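Here is a walk through one protein chain, from its overall layout down to single residue pairs. Have the viewer open while you read.

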Amino acid sequence: MKKSLLLVLLLFLVAGTVLLVVNREPSTANKISPTPVPKVTESPPVQPPKLQLEKPVEKTATSQTSIPSPAPSAQAQPVAPPKEPAQPKPDKPTDKQFLLCEHIISSVTQYGFTGEIRLINKGNHPVNGWSVTWEYPDGSAIIDADDVALSGNNPYTGEYLSWNAEIAPGQTVTFKFSGVKGGENAPLGVKVTGESCMN
């Protein structure tokens, strides 16, 4: 009799315990709150680091830099005044003008004449190339000439040829011509001029 009562009590306790456990589980589940999600805060944008430019190192003169010392000044020497070039004397012609230029009448006819011009080098240096000019005041005219390049018409100009261009010191060059008279008398006192002729 006692064993049956104990079994009944035991069953009763087990059943009560099961009921108690079942009733507590939903309440416990209702009490469990979801885990709060942490809020994500926006972080400020990351700025790139500023590059600091290094200042160029200024080179400073050091005491080791050697400064060239000025060269000792040479003693001033007295400067002689420049010599003036010697001026040729006005009364003495140059070597280029040492040609004696002459107009000579060789023969005279009733209406015409023949003549020549002589160039004599009186200087100490040869004359290379020459040209002379002459004129007849009475109107005489030259009709022919030899050994000269003749041009012009009163005044006349005679120039050298290839073979008589040079006149050595002391040498004479002559060229001849023939013409008609402008008057009764043959041409007289005709002056021969030129760059190489003596004044």
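What follows goes from the fold to the sheets, and then to the core, the rings, the disulfide and one strand residue.

## The big picture

Keep in mind that this is a predicted model. The chain's secondary structure amounts to one helix and nine strands. Going along the sequence, the pattern reads α-β-β-β-β-β-β-β-β-β.

Of the 199 residues in the chain, 19% are buried. As for contacts between residues at least 6 apart in sequence, 70% of them join residues at least 24 apart.

## The four-stranded sheet

One open sheet has four strands in the order β1-β2-β9-β5, and the pairing is antiparallel. Its edges are β1 and β5, each of which pairs on one side only. On average, neighbouring strands here are turned by 25° against each other, direction ignored.

Zoom in on β1 and β2: they run antiparallel and are joined by nine bridges. One position to look up is Cys101, whose bridge partner in β2 is Leu119. Cys101 comes back below, in the disulfide section.

## The three-stranded sheet

Another open sheet is built from three strands in the order β4-β7-β6, again with antiparallel pairing. The edge strands are β4 and β6 (149-152), each pairing on one side only. The twist from one strand to the next averages 20°.

β4 and β7 (residues 156-159) pair in the antiparallel sense over four bridges. Within that pairing, Ser131 stands opposite Glu159, while Val132 stands opposite Gly158. In a regular strand, side chains alternate between the two faces of the sheet. For β4, the covered face carries Val132 and Trp134, and the uncovered face carries Ser131 and Thr133.

## What sits in the core

Which residues touch the most other members of the largest nonpolar core? In this set of 20 residues, they are Trp130, Val132, Trp134, Tyr136, Phe175 and Phe177. The elements giving two or more residues to the core are β1 (99-108), β2 (112-121), β4 (131-134) and β9 (172-180). Val132 and Trp134, from the covered face of β4, are thus both on that list of residues.

As a general backdrop, nonpolar side chains in soluble globular proteins tend to be buried together.

## Aromatic rings

The count of aromatic pairs comes to seven. One of them is Phe113 with Tyr136, an edge-to-face pair at 5.8 Å centre to centre with 70° between the planes. Phe113 lies in strand β2 and Tyr136 in the loop between β4 and β5 (141-146), so the pair ties together parts that are 23 residues apart in sequence. Both partners are tucked away: Phe113 is buried at a relative accessible area of 3%, and Tyr136 is buried at 1%.

Ring pairs also link a cluster made up of Phe113, Trp130, Trp134, Tyr136, Tyr156, Tyr160, Phe175 and Phe177. Several of these names should look familiar: Trp130, Trp134, Tyr136, Phe175 and Phe177 were also among the core residues that touch the most other members.

## The disulfide

How many disulfides does the structure hold? There is one, formed by Cys101 and Cys197 with their sulfur atoms 2.0 Å apart. The torsion about its S-S bond is about -95°, so the disulfide is left-handed.

Cys101 belongs to strand β1 and Cys197 to the segment after β9, so this pair ties together parts that are 96 residues apart in sequence. Are these cysteines buried or exposed? Cys101 has a relative accessibility of 16% and, because the cut-off for buried is under 20%, it counts as buried. Cys197, at 4%, counts as buried too.

## A look at Ala141

Ala141 is found in strand β5, one of the edge strands of the four-stranded sheet. With a relative accessible area of 23%, Ala141 is partly exposed.

What does Ala141 touch, leaving aside its neighbours within four places in sequence? Its contacts are Phe113, Tyr156, Gly179 and Val180. Of these, Phe113 and Tyr156 also belong to the ring cluster. Another residue to check is Gly182: it lies 41 residues from Ala141 along the chain, and their C-alpha atoms are separated by 7.2 Å.

Methods. Residues are numbered from 1 along each chain as its sequence is written. This is a predicted model: local features need pLDDT of at least 70, side-chain atom pairs count only at pLDDT 80 or more; totals for chains, interfaces and linings use all residues. Side-chain values use heavy atoms; hydrogens and water are left out. A nonpolar core is a set of buried Ala, Val, Leu, Ile, Met, Phe, Trp, Tyr and Cys residues joined through side-chain atoms within 4.5 Å. Buried means under 20% relative accessible area, exposed over 50%, partly exposed in between (1.4 Å probe, protein chains only). A disulfide is a pair of cysteine sulfur atoms within 2.5 Å. Two strands pair if DSSP finds at least two bridges between them. Axes are lines fitted to C-alpha atoms, for helices over the stretch in contact, and angles run from 0 to 180 degrees between N-to-C directions. Rings of Phe, Tyr and Trp (its six-membered ring) pair if their centres lie within 6.5 Å; planes under 30 degrees apart count as stacked, over 60 as edge-to-face and the rest as tilted. Contact means heavy atoms within 4.5 Å.
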